Amino acid sequence: MIWLVGTASWTDKTLLDSGKFYPASAKSPEARLRFYASQFNLVEVDTSYYAIPSVSTAQHWAERTPPGFVFNIKAFSLFTGQWTSTDVLPKDIRQALGAGRRMVYKDMATELRDELWRRFAASLVPLQANGKLGLVHFQFSPAVSRHPQVVEHIEHCLEHLPGHTLSIEFRNPSWWVSEETTAETLAMLRRLGLVHTIVDGPQGSANSVPAIWESTHPEHALLRLHGRNALAYGKPAKTAAERFDYAYDSEELQALAQRIAPVARSVKYAHAVFNNCMEDKSQLNARAFRELLAGV
């Protein structure tokens, strides 16, 4: 079993502004990624959620990281039930739809959706060709509740990304509301060959989901850690850093390492992604967590 431990993004604004992680010499995008990859063996690309990366950008990522380094890529927001502005779409598609509009997936014509899928899949090719692509992560909107149509959409996503391993994160608690629905959700993920996302996150809000310590894929398990700042999570936030502003203490990390260890032993690759992205909190926690894993 191989542990893959890292953070969600390596260029969050608060991280760069803090000056607490990168050396003063790491001033360019290339230098920052090279330094990050010298510290961790995994990163989750967050920017792909907001706009589809260009093929050349993905090629640069592959070239600037060592063998064995892994990128998990977040799926584009439009594919995950999220309202998306046409302003973030490729220029030709934006022109076809008109600037300044907000839409969900079903609002877009089939041929334009298919073209977005084609371009998203193309952006994965350089990483896959270099053996550096891990999971394609679908973080579904909190508005996406448990429904057969959602399962159909997930099957639709699989059809557009053949040959890739998809991880699924539900942010609506209806998927986990009872033992019966939890068992059905996990069975669906296993049937479709999808990676269940174990979520450690704030509790007590309408969108809180429990940590379900199960694996659904023979090769991959995924733990995403959002911190436990319930106050920030339950109110509007300007940035992800504000929403997930939290530092796990050593006792919390030790308990998490103990919980994930038996799940990890059932797979080939165990991913742990820290998304508590205020300043360098995720990097500090990821380093400490990696050290703890050596003892479990």
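Y248 comes out as buried in this predicted model, because its relative accessibility is just 5%, on the low side of the 20% cut-off. Its partner Y246 lands on that side too, since a relative accessible area of 19% still falls under 20%. The two tyrosines, Y246 and Y248, make an edge-to-face aromatic pair, with 5.3 Å from centre to centre and 85° between the planes. The edge-to-face label follows because an angle of 85° is over 60 degrees.

A second edge-to-face pair joins F274 and F289, this time with the centres 5.5 Å apart and the planes at 70°. Here the contact bridges distant parts of the chain: F274 belongs to strand β10 (residues 269-274) and F289 to helix α12 (residues 281-293), with the two residues 15 apart in the chain. As for burial, F274 has a relative accessible area of 0% and so counts as buried, and F289 is buried as well, again at 0%.

These pairs are part of a wider aromatic picture, as the structure holds 25 aromatic pairs. One aromatic cluster takes in F76, F79, Y105, W117, F120, F138, F140, F170, W175 and W176. There is also a charge-over-ring contact to mention: the charged end of K74 sits over the ring of Y49, at 4.6 Å from the ring centre.

Y49 turns up again in the largest pocket, which offers about 720 Å³ of space. A total of 35 residues line this pocket, and those closest to its centre are Y49, Y50, Q139, R171 and R243. Several secondary-structure elements chip in, with α3 (47-50), β4 (84-85) and α10 (240-243) each supplying at least two lining residues. Sorted by class, the lining splits into 14 nonpolar, 13 polar and eight charged residues.

The second largest pocket has a volume of about 540 Å³. Its lining consists of 16 residues, and G81, K106, Q149, V150 and H153 are the ones nearest the centre. Helix α7 (residues 148-160) is the top contributor here, giving four residues to the lining. The class breakdown is seven nonpolar, seven polar and two charged.

Turning to enclosed space, three cavities reach 30 Å³ or more. The largest cavity holds about 70 Å³. Its walls are made by E169, R171, V199, G201, P202, N207, S208, V209, H226 and Y233, and R171 is also among the residues closest to the centre of the largest pocket. In terms of class, the lining of the largest cavity has four nonpolar, four polar and two charged residues.

The second largest cavity comes in at about 50 Å³. Lining it are I168, E169, F170, W176, H196, T197, I198, V199, V209, P210, A211 and I212. E169, V199 and V209 are shared with the lining of the largest cavity, while F170 and W176 are members of the aromatic cluster described above. Strands β7 (166-169) and β8 (195-200) each provide at least two residues of this lining, and β8 gives the most, with four. The lining of the second largest cavity is made up of nine nonpolar, two polar and one charged residues.

Key. Residues numbered from 1 in each chain as written. Predicted model: local features only at pLDDT ≥ 70, side-chain atom pairs only at ≥ 80, totals over all residues. Heavy atoms only, no water. Phe/Tyr/Trp six-rings, centres within 6.5 Å; stacked < 30°, edge-to-face > 60°. Buried < 20%, exposed > 50% of the residue type's maximum accessible area, 1.4 Å probe, protein only. Lys NZ or Arg CZ within 6 Å of the ring centre and 35° of its normal. 1 Å grid on protein atoms, 1.4 Å probe; cavity = no way out; pocket = protein on both sides within 12 Å on 5 of 7 lines; lining within 4 Å. Points joined across faces, edges and corners; volume = space filled by probe spheres on them. Nonpolar A, V, L, I, M, F, W, Y, C, P; charged D, E, K, R; others polar.
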